[in-house]
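Student: I would like to learn how to read a ligand site and a pair of aromatic rings. Can we go through one example?

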Amino acid sequence: MQSVIQFSHQLLADTLKPGDLAIDATCGNGHDTLKLAQFVGEKGKVYAFDIQEQAIENTRSLVSNANMKQVEIIHDGHQHIEQYLDQQPIAGAIFNLGYLPKADHSITTLPKTTISAVDTILSVLKQNGRVVLVIYHGHPGGADERDQLLSYCQQLDQKNYQVLQYQFINQRNHPPFILAIEKTSTSAS
Ligand SMILES: C[S@@+](CC[C@H](N)C(=O)[O-])C[C@H]1O[C@@H](n2cnc3c(N)ncnc32)[C@H](O)[C@@H]1O
């Protein structure tokens with residue numbers, strides 16, 4: 001079985017095509033950004049968001065070493081994503097939630113801003129596009145974010161979206177899990 005991180009990438013590899021627009025909503029050290037850049041290719045585009053200078057620097061260095069010119073790194077909160085979008089629909093997005101490893105653990109994603117960004121992305125997501133949420137719920141505030149995201153996903157209309165939960169249930173210490181949302185119909189708002 002694939003690990004949570006491997007499967008989060010697989011879900012996006014299966015839906016992203018060369019030339020697509022993809023979003024890394026929390027670029028951190030840039031590992032997900034690099035994967036998205038590979039999936040959309042040099043004719044595609046990746047917008048990579050983070051609120052921390054350290055994350056922006058780490059992502060910039062990883063992406064430039066890999067010579068991925070299709071990545072635009074944005075030092076801003078993902079809740080402001082609407083300001084950066086043009087006409088092109090989003091084909092896929094990833095939110096790797098929680099805090100930046102080896103940095104200040106008190107700077108974390110928050111339920112209100114995460115849900116606001118997911119909601120905006122869903123409204124402009126292509127048919128068959130996917131939003132992948134990797135949920136870390138062991139840190140203070142993590143359980144609240146997990147519960148609010150589960151409630152948010154459970155109320156999405158099944159006529160327009162299907163939502164998958166991928167989780168190992170016998171691991172210790174609050175292992176991360178995935179909620180993956182696929183837009184099955186563009187009649188969704
Ligand atoms: C678990 S890390 C991301 C790991 C990253 N995807 C990687 O591959 O290395 C979570 C990141 O979310 C960022 N973050 C927190 N709130 C944010 C927000 N409102 N908008 C964008 N990024 C945010 C943190 O600064 C942190 O770098």
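**Reading the ligand site and a ring pair**

Tutor: Start with the ligand, and keep in mind that this is a predicted model. A polar side-chain atom of Q52 lies 2.9 Å from an oxygen atom of the ligand.

Student: How much of the ligand does the protein bury?

Tutor: On its own the ligand exposes 600 Å², and the protein buries 95% of that.

Student: Which other polar atoms should I look at around the ligand's nitrogen atoms?

Tutor: A polar backbone atom of T26 is 2.8 Å from a nitrogen atom of the ligand. For Q79, a polar side-chain atom lies 3.0 Å from a nitrogen atom of the ligand.

Student: Which residues come nearest to the ligand?

Tutor: There are 23 residues around the ligand, and T26, D32, D50, Q52 and H78 come nearest. By class, this shell has 13 polar, 7 nonpolar and 3 charged residues. The space that the ligand takes is the largest pocket.

Student: Now the rings. How many aromatic pairs are there in the whole structure?

Tutor: A search of the whole structure finds 3 aromatic pairs. A pair of aromatic rings is described by the angle of the planes and the distance of the centres. For F7 and Y166, the ring centres are 4.1 Å apart and the planes are at 25 degrees, so this pair is stacked.

Student: Which parts does the pair of F7 and Y166 tie together?

Tutor: F7 lies in helix α1 (residues 4-13) and Y166 in strand β6 (residues 161-166), so the pair joins parts that are 159 residues apart in sequence.

Methods: Residues are numbered from 1 along each chain as its sequence is written. This is a predicted model: local features need pLDDT of at least 70, side-chain atom pairs count only at pLDDT 80 or more; totals for chains, interfaces and linings use all residues. Side-chain values use heavy atoms; hydrogens and water are left out. A residue is near a molecule or strand if one of its heavy atoms lies within 4 Å of it. A polar contact is a pair of N or O atoms within 3.5 Å; within protein, one must be able to donate a hydrogen and the other to accept it, and residues adjacent in sequence count only if both atoms are side-chain atoms. Accessible areas come from the Shrake-Rupley method with a 1.4 Å probe; for residues, only the protein chains shown count as cover. On a 1 Å grid over the protein atoms alone, a cavity is a set of points where a 1.4 Å probe fits but cannot get out, and a pocket is an open set with protein on both sides within 12 Å along at least five of seven lines; lining residues have an atom within 4 Å of a point. A molecule sits in a cavity or pocket if more than half of its atoms lie within 2 Å of its grid points. Ala, Val, Leu, Ile, Met, Phe, Trp, Tyr, Cys and Pro count as nonpolar, Asp, Glu, Lys and Arg as charged, and the others, Gly among them, as polar. Rings of Phe, Tyr and Trp (its six-membered ring) pair if their centres lie within 6.5 Å; planes under 30 degrees apart count as stacked, over 60 as edge-to-face and the rest as tilted. Helices (H or I, at least four residues) and strands (E, at least two) are DSSP runs, numbered from the N terminus.
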